[in-house]
Amino acid sequence: MVEKDLKKQGISRHDLVKEKFLEKIWEWKEKYGSRITHQIRRLGASCDWDKERFTMDEGLSKAVREAFVRLYEKGLIYRGPRMINWSPALRTAVSDLEVEYSEEPGFLYYFKYMLADLPGEFIPVATTRPETILGDTAVAVHPEDERYHKYVGKDVLVPILGRRIPVIADEYVDRAFGTGALKITPAHDPNDYTIGQNHNLEMINILNKDASINENGAQYAGMDRIECRKKLWEDMRAVDLVIKEQPYTLNVPRSQRGGEIVEPMISTQWFVKIQPLADRALASVKEGRTKIVPERFTKVYYNWLENIRDWCISRQLWWGHRIPVWYCDDCNAIIVSREDPTECSKCHSHNIHQDEDVLDTWFSSGLWPFSTLGWPEQTPELKYFYPTAVMETGADILFFWVARMMMFGLEFTDVEPFHTVYLHGLILDEKGQKMSKTKGNVVDPLVVMDDFGTDALRFTLLVGSTPGNDTNLSIKKVEANRNFANKIWNACRFVISNLEKAPQSAQVKPEWTLADSWIWARLKTLLNDSERLFENYQYGEAGRQIYEFFWSEFADWYIEIAKLQLAEGGDRDLLHCKYPGSRHGCLPAPAAPLHPLCNRGTLAGPQKDCPRDRFQTL
RNA sequence: GGGCGGUUAGCUCAGUUGGUUAGAGCGUUGCGUUGACAUCGCAAAGGUCGUAGGUUCGAGUCCUAUAUCGCCCA
């Protein structure tokens, strides 16, 4: 976000010195961080605000280091060249999860791979990214493909560059797709990378960090990849290597943050060997120690963990937790340490420097349930608050966050961080589009609360949807619920004012009328039902039933009847909280289950007009 | 390619062990109300619950197929 703001002013992060840039980020954090907490407070969240934590806090940094070092010592963190997703604009690696794919129109380019030693003969090959030809190190065909069988083991020539590369046979090749022959660019395509490893192919990186062509691209060096695609294709056409272009729908990988095209590249990065962690996280849900609500998400969770790949945790950014690794400039030792070292642990040289990279933000977030409580110290807070009970979060970060908390929780504490994960859907804008800082279509809850009140918004958000399903935020709905909040308020006023008029001390328990008995029975049923629904995480249904009861039965009927009863005079138990020993109170009763749904009306409102104890009869 | 979700009243959506005339909000129509509430009340119109089969005494709810929209993963 900060980089975007700067971009509007024509500044890139790389134009600023690092300190200046970090300063800007802290400014942003102060501004928006406080706005977010302000929103949450206004929504009436009952939090212990003294325990607020921020990812970059001192205590969390300590936990991050501890976690990194432990994983490293256990052999679960390693550094090495691997296929990663490279974001050219941000100039950093991003994880698989941060890449989104979009279908876009493009072309399938057909061209000739000339046989090196058989003049005039060629293998036709199709590709969607011609510029990657510069990094080709093989052509693959299916082992049983009769068309190309005779060429396996021979060499072909890379167009323009003239490098000799082998023709190999691999069952991965789909005979029906394109020409049935596949060019292999192990350094710039994940599938080719796998094939390249299996066949011990050379990997030729052809891209610089800004996705321009590097020196391996010979005369194309320095061109942007898209420009190179055009130029190379023209040059190939000039020497009769082009067969045809065919319109084709591409699946383009784009960065979730910036939106620009992500390039698969070989790069040296830090990774977490994730399999052992994933196995435990998987087992605890399978064996029921942690439950996911709604249940259908367990399948999604399984599927992800069962097919997980090592997690690339290093980012070439300036903001974040620095990787706690130092390199010795004299003996090349790698020092991984909880404390900043001053000398090389091997040769005691003082010529050491820290790894420039920072950690993926989700690395620290994954430690959240215990890093915020002082871990690795066995603090009283940690003992009391860990593990917690219910983790409530958006379904969209099941992988990013929930799965990582599960994995890290089990790895570092041997206990699941929570017994239940409740996933809500997304609050979408009126058109059903995801709200995001990037898109700028965010509806500020503060504005909605100014217009309709906190309770109206709370009630709408909690009641207006069904677990795990997305909700379009409709102002009409907020308006309707504002009317409900108003109804509660007025009903409360009526009851309270009549309580004040009632005899101060009724001596005998008054006779119940039919209406009294009816509303009491209904209330008991409602309380049972709503409690059951709350326990089953069906907040929406609970809210609807309470709404229905309060408005259609309590307000429309009981209060109307009560008016008649009051007019007759005498003691009426349900409106007489003051009767000694009475635990009945029809107003507070429906207010109790309403409290989590709209706590301004049920707490702040009545409290103002009426002593608190009247609302504690349940 | 695999998986998940939606498809219910004019609009936006509820409806979780299958059970009497399928619900709400908004909108529409009519009537009413000067004491909790006009940010209101009462009433009405409006639905073959995507389609086609199946299971069952009974299906919006379960099964199979299919259409269509959306999301996730590869």
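In this predicted model, the side chain of Ser87 in chain A forms a polar contact with the side chain of Glu260, at 2.7 Å. Ser87 belongs to strand β1, which covers residues 77-87. Its relative accessibility is 0%, and Ser87 therefore counts as buried, the limit for that class being under 20%. Apart from neighbours within four places in sequence, the residues in contact with Ser87 are Thr92, Val94 and Glu260. Glu260 thus appears both as a contact of Ser87 and as its polar partner through the side chain.

The setting for this residue is a chain of 618 residues, 48% of which count as buried. Chain A contains 18 helices and 21 strands. When contacts between residues at least 6 apart in sequence are considered, 74% of them join residues at least 24 apart. The accessible surface of the chain amounts to about 30700 Å², and carbon and sulfur atoms contribute 51% of that area.

A second region to follow is built around strand β14, residues 325-328, which is covered on both faces. Val325 and Tyr327 lie on one side of β14, Trp326 and Cys328 lie on the other, and all four are buried. Strand β14 pairs with strand β15 (residues 334-336) in the antiparallel sense, over 3 bridges. It also pairs with strand β16 (residues 352-354), again in the antiparallel sense and over 3 bridges. Trp326 takes part in both pairings: Ile335 stands opposite this residue in β15, and Gln354 is its bridge partner in β16.

The connections between these strands can be traced next. Strands β14 and β15 form a hairpin with 5 residues between them. Within this hairpin, Asn332 adopts a positive phi near 65°. Beyond β15, the loop that leads to β16 includes Ser337.

Ser337 has a relative accessibility of 15%, and because a residue under 20% is classed as buried, Ser337 counts as buried although it lies in a loop. Its side chain reaches the backbone oxygen of Glu339 at 2.4 Å. With neighbours within four places in sequence left aside, Ser337 is in contact with Arg65, Val69, Pro324 and Trp326. Through the last of these contacts, the loop residue Ser337 meets Trp326, the residue of β14 that stands opposite Ile335 and has Gln354 as its bridge partner.

The two serines may finally be set side by side. Ser87 lies in a strand and its side chain contacts the side chain of Glu260, whereas Ser337 lies in a loop and its side chain reaches a backbone oxygen, that of Glu339.

Note on methods:
Residues are numbered from 1 along each chain as its sequence is written. Chains are lettered from A and ligands numbered from 1 in the order in which they are written. This is a predicted model: local features need pLDDT of at least 70, side-chain atom pairs count only at pLDDT 80 or more; totals for chains, interfaces and linings use all residues. Side-chain values use heavy atoms; hydrogens and water are left out. Buried means under 20% relative accessible area, exposed over 50%, partly exposed in between (1.4 Å probe, protein chains only). Contact means heavy atoms within 4.5 Å. Accessible areas come from the Shrake-Rupley method with a 1.4 Å probe; for residues, only the protein chains shown count as cover. A polar contact is a pair of N or O atoms within 3.5 Å; within protein, one must be able to donate a hydrogen and the other to accept it, and residues adjacent in sequence count only if both atoms are side-chain atoms. Two strands pair if DSSP finds at least two bridges between them.
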